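Me: I have a model here and some words about it that I would like to have explained. Please set each value against its definition.

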Amino acid sequence: MKSLFLRAGLVLTFYRSFVAASAVITTCCAGLFWRYGFGVFVGLFWLKVLSLGVLFYFVNDFKRAEYYYYHNLGMSKHILWTCAFALDFGLFVVALIAASNFR
Amino acid sequence: MKHTLEADSVRLQYNGRKVLSDVYLKCETGKVTGLLGRNGQGKSSLMKAIFGSVDAEKSVRFDNRVRRKPYEDPRLIRYLPQFNFIPKFLRLRKVFLDYDADWSLFERTFPNFSGRGNERIGNLSGGENRFVELFVLITSTAQFALLDEPFTHLSPLQTEAMKALIIAEKVNKGFLVTDHMFQHVTEVADDLYLLVDGKTRRVTNPEDLGNTRLYVKRFEQ
C-alpha cells in the first residue's frame, strides 16, 4: 500500500514538471467549449493531443536528467508518461464537462 | 547475507562506434568496487547499462538471477548519475521522504543543513545539492549503489565526509564507484577494475594499469 501511495505521489511530482503549460491549454479548450459547444469538440480534442505531444518533446529533452530521480524509485519513463497523460486527459475531460454544465 | 551483482558480456555501441565490447564486473555487498578509466572509455555508459536505463546487450545478474531492467526493483539498485538529478522544485524533506532517508540523522550529522528541511533543491549550492543526492543514495535501502563521479562539486571536507559514509554504509550494501579523481576512488575501494578499449580487467598491481598512465597512489608503497 505504501508503495502504491509512493508511486502515485511520484506521478504527481512528475506531472508538476509540465502541469502549468498543460493547465493553460486545458483552460483555453474549456473556454472555447463553453463558448461554441460540441461543434468544436473534435478540434479541441486534437489540439489537446497535439499540445501533449509538444510537451512530451520538450519535457523529455529538458528534464532528461530528472528521470533518474524516478528510476531510482522504480518508475520507468513509460509508467510516468502513461500515468501523467491519463491524469492530464482526465482533467481535460472534467474541464470540458464542467464547461458544458455552465453553458 | 552476502549479495552479488555481476555484469557480464556487456556490449554497447553508439552510431556504430563500439563503446563497450567485453565487460565483466562483479560487486559484492560489504565491498566498494572502484572503476577506473580515462575519459570517454564508457564508465558512465557501463553504469547506465547495469542500472538498465540504457539498452545494451548484457547479462546483469543479482545473486545469479538475470534482470533486464534492474532499476525497476528499487530494493536492488540505485544510481547516482554524474549530473544533478533531483527536480529543483522539490523540498529537501520531500526528497528524504521519497527515498526513505533519515532527515533527522542528516540534520544532526551535518548541522549546516539544520532547519532547512523546507528549502527547495534549486536554492542549494552545487556542492550542497550533490551532497544531498549522495547522502540519500548512499544511505538508501538498496543492495547496490552505483556512484558516477560522486566527489565532483564537493569541497574537500564534504568529500572526506562522503568517503567515510561510503565506508560505513558498505556493511549494508555494495558500491560501484567511478570518479575522475582516482585518488578518492582507490582510497575507498576494496576491488578495482580498469575499463580500457571497451573491456574491463581486474587491477591488483601497477602492471595491470598497462600504458593507460593512470596514477594510482595505493601502489606507491
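**Labels and their cut-offs**

Reply: Chain B has an average pLDDT of 91, and 94% of its residues score at least 70; pLDDT is the predictor's confidence in each residue, from 0 to 100. This is a predicted model, where local features need pLDDT of at least 70 and side-chain atom pairs count only at pLDDT 80 or more, while totals for chains, interfaces and linings use all residues. Residues are numbered from 1 along each chain as its sequence is written, chains are lettered from A and ligands numbered from 1 in the order written, and side-chain values use heavy atoms, without hydrogens and water.

Me: Which scores does the model as a whole get?

Reply: The model has ipTM 0.91 and pTM 0.91.

Me: Why is A:Phe38 called exposed?

Reply: Its relative accessibility is 65%, and exposed means over 50%, buried under 20%, partly exposed in between (1.4 Å probe, protein chains only). Therefore A:Phe38 counts as exposed.

Me: What makes A:Cys28 partly exposed?

Reply: A:Cys28 has a relative accessible area of 45%, so it falls in the class between buried and exposed.

Me: Why is A:Cys29 classed as it is, buried or exposed?

Reply: A:Cys29 is at 0% relative accessibility, so it counts as buried.

Me: How do you know that A:Cys29 is in no disulfide?

Reply: A disulfide is a pair of cysteine sulfur atoms within 2.5 Å. The nearest cysteine sulfur to that of A:Cys29 belongs to A:Cys28, 6.9 Å away. The count over all chains is 0 disulfides.
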